[in-house]
Amino acid sequence: MYILRSALNRSYAAAPRSLSYPSSMGQQRSIGTSRGSNQLSGTFYEFRSYVIQPGKVADFMKLTSDNIHLRTAQSELVGYWSVGIGCLNEVFHIWKYGSYKERSAVREALANNKDWQQNYISKMLPMLLSQTSEIVYMVPWAELGKPPKKGIYELVTYQMVPGGPVVWGKAFQKAVSAHSNVGYCTLIGVFHSEFGQLNKVHVLWWHEDGDHRASGRHRSHEDVRVVAAVRDSASYLVTQTNKLLLPTSYSPLK
């Protein structure tokens with residue numbers, strides 16, 4: 001969302017209201033709370049970020065490549081990236097779960113897996129400076145997409161005003177859809193925070209390469225359809241950040 005990124009540090013005192021989102025069948029679905037369809041079904045995603053000691057990144061990546069099969073045997077890996085622009089020496093990965101019970105069972109199984117603990121965890125932890133975890137849900141009007149071919153990814157994180165999607169969801173959907181529909185970038189997913197910093201939305205985009213991203217950014221600034229769509233959503237923004245993600249050889253999303 002290129003134009004939306006330039007509208008920062010503005011807030012809007014909006015009262016909660018019931019919003020309608022179009023379903024995939026073209027019907028209208030009323031969302032009167034912050035719950036989405038994924039929350040009701042139980043499916044959620046875990047975002048994990050590790051910051052690695054400078055000089056240890058190559059060792060960490062090799063160790064992970066050699067042992068990732070032990071981890072993916074327990075739950076579904078959506079994507080695994082190194083950060084190209086943003087926080088340096090960082091890796092970012094997304095895991096999918098059907099329930100919190102499943103996640104607890106996976107964590108227990110990994111804790112009791114001697115190969116995982118001895119061959120990976122004991123060697124990996126000394127390389128790290130920090131770890132963070134965030135639980136997110138896919139918003140009800142989006143689904144996990146697939147890239148058309150190999151490329152790069154951009155994770156854009158928006159801190160929205162308090163109130164949740166019931167306050168800013170419709171305007172935000174309109175802004176994201178405008179960028180996606182005109183073809184300047186490919187939408188992979190839109191995620192709303194559940195555990196972590198609240199009222200946060202992550203939008204994951206795919207680009208063919210950095211130059212195509214730059215070209216799309218410039219064209220979107222001149223597209224009246226995009227400008228009109230993001231005008232309202234900018235009023236709900238507090239802060240925003242982005243990072244460029246480079247897929248690893250073992251990432252399902254290339």
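In which helix is the place of N67? Let us begin there and then step outwards. The model you are looking at is a predicted one. In it, N67 belongs to helix α3, which covers residues 57-72. With a relative accessibility of 8%, N67 counts as buried, because the limit for that word is under 20%. And which residues does N67 touch, once its neighbours within four places in sequence are left aside? The partners are W116, N119 and Y120.

Now let us take in the whole protein. There are 8 helices and 10 strands in it. The chain has 254 residues, and 49% of them count as buried. Contacts can also be sorted by how far apart the partners stand in sequence. Among contacts with a separation of 6 or more, 81% are between residues 24 or more positions apart.

Two of the helices make a good next stop. Helix α6 spans residues 165-181 and helix α8 spans residues 224-233; their axes come within 8 Å and cross at roughly 155 degrees. How do the two run relative to each other, roughly parallel or roughly antiparallel? Angles over 145 degrees count as roughly antiparallel, and α6 and α8 are therefore roughly antiparallel to each other. The crossing of α6 past α8 is left-handed. If you would like to find the place where they meet, look on the α6 side for A171, F172, K174, A175, A178 and H179. On the α8 side, the residues they meet are R225, V226, A228, A229, V230, D232 and S233.

Next come the charged side chains. Side chains of opposite charge can pair when their charged atoms come close. How many salt bridges does the structure hold? The count is 7, and a few of them are worth visiting in turn.

One of these pairs joins E208 and K149, with 3.3 Å from N to O. E208 sits in the loop between β9 (200-207) and α7 (210-221), while K149 sits in the loop between β6 (128-138) and β7 (152-160), so this pair ties together parts that are 59 residues apart in sequence. Both ends have some exposure: E208 is partly exposed at 32% relative accessibility, and K149 is partly exposed at 44%.

Another salt bridge links R213 with E154, and here the closest N and O atoms are 3.0 Å apart. R213 lies in helix α7 and E154 in strand β7, so a helix and a strand are tied together by parts that are 59 residues apart in sequence. Are these two residues buried or exposed? R213 is buried, and E154 is buried too.

Salt bridges can also share partners, and those that do so here join E46, R48 and R103 into one network. Within it, R48 pairs with E46, their closest N and O atoms being 2.8 Å apart. R48 has a relative accessible area of 11% and is buried; E46, at 0% relative accessibility, is buried as well.

Finally, a word about cysteines. How many disulfides does the structure hold? The number is 0. You can still look up C87, which is partly exposed with a relative accessible area of 36%, and C185, which is buried with a relative accessible area of 7%.

Key: Residues numbered from 1 in each chain as written. Predicted model: local features only at pLDDT ≥ 70, side-chain atom pairs only at ≥ 80, totals over all residues. Heavy atoms only, no water. Salt bridge = Lys/Arg side-chain N within 4 Å of Asp/Glu carboxyl O. Buried < 20%, exposed > 50% of the residue type's maximum accessible area, 1.4 Å probe, protein only. Helix = DSSP H or I, 4+ residues; strand = E, 2+ residues; numbered from the N terminus. Disulfide = S-S within 2.5 Å. Axes fitted to C-alpha atoms, helices over the stretch in contact; angles between N-to-C directions. Parallel < 35°, antiparallel > 145°, perpendicular 65-115°, else oblique. Left-handed = near helix turned anticlockwise from the far one by under 90°. Contact = heavy atoms within 4.5 Å.
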